[in-house]
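Work through the exercises below with the sequence and the model side by side, and try each task before reading its solution.

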Amino acid sequence: MTSSKLYASSRRDGSVGSGDPIVDVLRLLRTQAVVPARVHAASPWAVRFDPYTHVKLGVVLEGECWMAIDGCEPVLLRIGDFFLLNNPPSYTLASTLDPAPGQATAFHESENDGEVRIGPVADEDTYVCCIDFVFEQANASVLFDVLPPIVLVRAGDPRGSLLSNLSALTVAEMESAGVGRSLVLEHLAQLILVHMLRVHADQTDQPVGWLGALVEDGIGAALRAMHADVGRRWTLDELAAISHMSRSTFAAAFKAKVGTAPLTYLIEWRMSLARDALRTDTRSISELAAATGYESESAFSTAFRRVVGASPRHFRDEARQQARVG
């Protein structure tokens, strides 16, 4: 018998959570792709990028280059390689590891529609495309905390074939002037981001937190169940049963993989959703209490204050004030 038959759902109208943690997180972050960055270069060349407080995606479409991120070992990128940079400091893309100091071209995405050309067009031997993502800053740590500084998907990785198809569509759209270009680019970029997260999650020796837990059959099943019905009054016994583990084994395995106890994770995720709803002013406090599994507004307020450090009403009033000022 499946877990969905074992445990009746408590979902009701106005419930929150999709059952897919990646979807839930990206919705919470209000993920947006912004102006793409394109680098056409003829060797020798170097381009310097400023620090970026969100996520960058990139792919080498022609040639190869070195990526030197401040504080990290340089990485050689070849044609077909994809990279994801998590909250990167300043970094340089270059044809060699030793570009002359001060000779790197500063890249500003807002200039020339996000494109830079270095050297004679006839001699260009490298083409790199990047896309910047912007997230809701208040919740960004939900994603940043589970990603390393850089995620690589090499051209030879069998899981990268779909990424290659998506990048071909993305580049074609970048180079077009078609109606709806920005919307198409945003959707294609989000597809690439999701697939990069999937590939990273499959690299079981690397992922941490909720992202890494998704590849663990038992822990992942419990995690998806919580996201699918965040308003359910879950017990540790129920979650352990879904994971086909004993209570103690499940609790230890979940904490080891995700970094926090199962019910603590659930409460913190509920409060992340509640903070977002209070900022956008889409639900009353009593509606939020019901949607996140609390029998009363007072019980919800107590939990919210314990996690957030302020009452829901105070938090909502502050958010409204900031919105007016902004």
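A residue is called buried when its relative accessible area is under 20%, exposed when that area is over 50%, and partly exposed in between. Keep in mind throughout that the model is predicted.

**Exercise 1. The chain as a whole**

Task: State how many helices and strands the protein chain has, and what share of its residues is buried.

Solution. Begin with the secondary structure, where the protein chain has 13 helices and 11 strands. Next, turn to burial: of the 326 residues in the protein chain, 48% are buried. The accessible surface of the protein chain comes to about 15400 Å², and 52% of that surface belongs to carbon and sulfur atoms. Finally, consider the contacts between residues at least 6 apart in sequence, of which 74% join residues at least 24 apart.

**Exercise 2. Helix 2 and its surroundings**

Task: Decide whether helix 2 is largely enclosed or open, and find what covers its buried residues.

Solution. Start by counting: six of the eight residues of helix 2 are buried, so this helix is largely enclosed by the rest of the structure. The buried residues are Pro21, Ile22, Asp24, Val25, Leu26 and Leu28. Then look at what lies over them, where the cover includes helix 3 (141–144), helix 5 (181–202), helix 6 (209–213), helix 7 (217–228) and helix 10. The two ends of the helix deserve a separate step. At its start, a side-chain oxygen of aspartate 20 reaches to within 3.0 Å of the backbone nitrogen of isoleucine 22, and just after helix 2, arginine 30 takes a positive phi of about 50°.

**Exercise 3. Two salt bridges across the sequence**

Task: For the salt bridge of aspartate 276 and for that of aspartate 81, name the partner and say where in the chain each residue lies.

Solution. A general point comes first: side chains of opposite charge can pair when their charged atoms come close. A search of the whole structure finds 13 salt bridges.

In one of them, aspartate 276 pairs with arginine 30, and the closest N and O atoms are 3.1 Å apart. This pair links distant parts of the chain, since aspartate 276 belongs to helix 10 (residues 262–280), while arginine 30 sits in the loop between helix 2 (21–28) and strand 1 (32–41), 246 residues apart. Aspartate 276 has a relative accessible area of 13% and is therefore buried, whereas arginine 30, at 33%, counts as partly exposed.

In another, aspartate 81 pairs with arginine 154, with 2.7 Å between the closest N and O atoms. Here too the pair links distant parts of the chain: aspartate 81 is in the loop between strand 5 (75–78) and strand 6 (82–86), and arginine 154 is in the loop between strand 11 (150–153) and helix 4 (161–174), 73 residues apart. Aspartate 81 is buried because its relative accessibility is 4%, while arginine 154, with 34%, is partly exposed.

**Exercise 4. A network of charges**

Task: Identify the residues that are linked with Glu115 in a network of salt bridges.

Solution. Take one pair to begin with: the side chains of glutamate 115 and arginine 117 meet in a salt bridge, at 3.6 Å from N to O. Glutamate 115, at 23% relative accessibility, counts as partly exposed, and arginine 117 is partly exposed with 44%. Then widen the view to the network of salt bridges, which links Arg38, Glu115, Arg117 and Glu124.

**Exercise 5. A pocket and a cavity**

Task: Give the volumes of the largest pocket and the largest cavity, and find which helix supplies the largest share of each lining.

Solution. The largest pocket holds about 400 Å³ of space. It is lined by 19 residues, and those closest to its centre are Ser141, Val142, Trp210, Tyr265 and Glu268. Helix 3, helix 6 and helix 10 each supply at least two residues of this lining, and the largest share, five residues, comes from helix 10.

The largest cavity holds about 110 Å³ of space. Of its 14 lining residues, the closest to the centre are Gly58, Val59, Cys129, Ile131 and Ile192. Strand 3 (55–62), strand 6, strand 10 (126–134), helix 4 and helix 5 each supply at least two residues of the cavity lining, and helix 4 gives the largest share, with four residues.

How values were computed
Residues numbered from 1 in each chain as written. Predicted model: local features only at pLDDT ≥ 70, side-chain atom pairs only at ≥ 80, totals over all residues. Heavy atoms only, no water. Buried < 20%, exposed > 50% of the residue type's maximum accessible area, 1.4 Å probe, protein only. Contact = heavy atoms within 4.5 Å. Areas by Shrake-Rupley, 256 points an atom, 1.4 Å probe, with all protein chains shown as cover. Salt bridge = Lys/Arg side-chain N within 4 Å of Asp/Glu carboxyl O. Polar contact = N/O pair within 3.5 Å; in protein donor to acceptor, adjacent residues only side chain to side chain. 1 Å grid on protein atoms, 1.4 Å probe; cavity = no way out; pocket = protein on both sides within 12 Å on 5 of 7 lines; lining within 4 Å. Points joined across faces, edges and corners; volume = space filled by probe spheres on them.
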